[in-house]
Amino acid sequence: MMTEMTYAEAIRDGMRVEMQRDPNVFIWGEDVAKFGGCFGVTGNLFTEFPGRVIDTPISETAIVGAAVGAAAAGLRPIAEIMFVDFMGVCLDELFNQAAKMHYMFGGKAKIPMVLRTPCGAGMGAAAQHSQSLEAWFTHIPGVKTVMPSTPADAKGLMAAAVRDNNPVMYIEHKQLFGVKGDVPEGEYVIPLGKADIKRAGSDVTIVAWSWMVQKALVAAEALAGEGINAEVLDPRTLIPLDTDSILQSVGRTGKLVIVHEAVKTGGFGGEIAAFVAEEGMDLLDGPIKRVAMPFAPIPFSPALERIVIPSEEQIAAAVKSLF
């Protein structure tokens, strides 16, 4: 059975199902309890699960540090950091503690911890509340990174993240919270590391994730009107990355455009481009193109913010440059 839900509702339903299934799962973070979360994602889980949805002080270091300890002790915390921009405050707890404990204790310690955090621009929230910083986390061995683009993916990947025995960065895009889609009812799990083809095509592969998937799909429809049949591939998880699906798609199309909202310099798109260049150069009949944000802070001005966010027109232009 399928039910229409928003992206935010699907995340909540994923957490609800896992909390029903496993009494060791709990949620904490700033304003996640009675208030229902800064963006309303936790909603009424506070009343559904008394004592298991907990408000914390305004201390990212305490939120993540306590989650690491709880996970090491056998619980499965879902900790929320209100904006990904605040992860710098608590990064040591993630990359020096959570990511390394399983290795440093000879496999005896497990850290089944999910860190939920919203990313992205488009809301006029300025430079300190609008960044896309997923590349930070993909550089840390021991941390998995999830970025769903649809309500169904949001639910299925939440279940997989909670059940994983490693720390998982679960990064949500603020522009997607209101997007609606059909979501399976009950338990629904999407394995981490499995990409999804959102639109099949034969002429060019567009790899995009999070909000950029929606933009890539719009661009692909516009390109279809010009005789270019674009395939849109959503990795869904950046770590682990489904490299096989990417190579298979590029093998079918011969062309690759990578789209992400994060700044191009040091962005994860560069990692995908490098991988394809190393392992699939013979599959390509043209250069790899990247569409990403310029190397600049995100402006507060709505007009300037619209300029720096990758657009459907930029994606289409990058594709057409290969023909």
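Reader: Hi, new here. What does the domain assignment give for this protein?
Author: The assignment gives domain 1, covering 2-184, and domain 2, covering 196-321. Keep in mind that this is a predicted model.

Reader: Ok. How far apart do the C-alpha centres of the two domains lie?
Author: The centres of domain 1 and domain 2 are 26 Å apart.

Reader: And how many residues are in contact between them?
Author: On the domain 1 side 28 residues are in contact, and they meet 24 residues of domain 2.

Reader: What about the area buried there?
Author: About 2,000 Å² is buried between domain 1 and domain 2, and carbon and sulfur atoms give 60% of that area.

Reader: Which three residues of domain 1 supply more of its buried area than any other three?
Author: Those are Thr138, Met147 and Ser149, which supply 22% of what domain 1 buries against domain 2.

Reader: Switching to charges: how many salt bridges cross the interface?
Author: Two salt bridges are found across the interface of domain 1 and domain 2.

Reader: Got it. And how many residue pairs are in polar contact across the interface?
Author: There are 13 such pairs between the two domains, counting pairs with both residues at pLDDT 80 or more.

Reader: Which helices and strands of domain 1 are on the side that touches domain 2?
Author: Helix H6 (134-138), strand S6 (144-146) and helix H7 (151-163) each supply at least two residues of that side. By kind, the residues of domain 1 on that side divide into 13 nonpolar, twelve polar and three charged.

Reader: Is there a salt bridge I can look up? Which side chain meets Arg236?
Author: Try Asp153: its side chain meets that of Arg236 in a salt bridge, at 3.1 Å from N to O.

Reader: New topic, Asp55. Where is its place?
Author: Asp55 belongs to strand S3, which runs over residues 53-55.

Reader: Why does Asp55 count as partly exposed?
Author: Because its relative accessibility is 40%, and partly exposed covers values between 20% and 50%.

Reader: Which residues does it touch, leaving out those up to four places away in sequence?
Author: Asp55 touches Gly29, Glu30, Asp31, Val32, Ala33 and Lys34.

Reader: What does the side chain of Asp55 have by the backbone nitrogen of Asp31?
Author: A polar atom of the Asp55 side chain lies 3.3 Å from that nitrogen of Asp31. For the backbone nitrogen of Ala33, the distance to a polar atom of the Asp55 side chain is 2.9 Å.

Reader: And how far is Asp55 from Ile307?
Author: Their C-alpha atoms are separated by 37 Å, with Asp55 and Ile307 being 252 residues apart along the chain.

Terms used. Residues numbered from 1 in each chain as written. Predicted model: local features only at pLDDT ≥ 70, side-chain atom pairs only at ≥ 80, totals over all residues. Heavy atoms only, no water. Domains from an automatic or database assignment. Contact = heavy atoms within 4.5 Å. Buried area = accessible area lost by both parts, 1.4 Å probe. Salt bridge = Lys/Arg side-chain N within 4 Å of Asp/Glu carboxyl O. Polar contact = N/O pair within 3.5 Å; in protein donor to acceptor, adjacent residues only side chain to side chain. Helix = DSSP H or I, 4+ residues; strand = E, 2+ residues; numbered from the N terminus. Nonpolar A, V, L, I, M, F, W, Y, C, P; charged D, E, K, R; others polar. Buried < 20%, exposed > 50% of the residue type's maximum accessible area, 1.4 Å probe, protein only.
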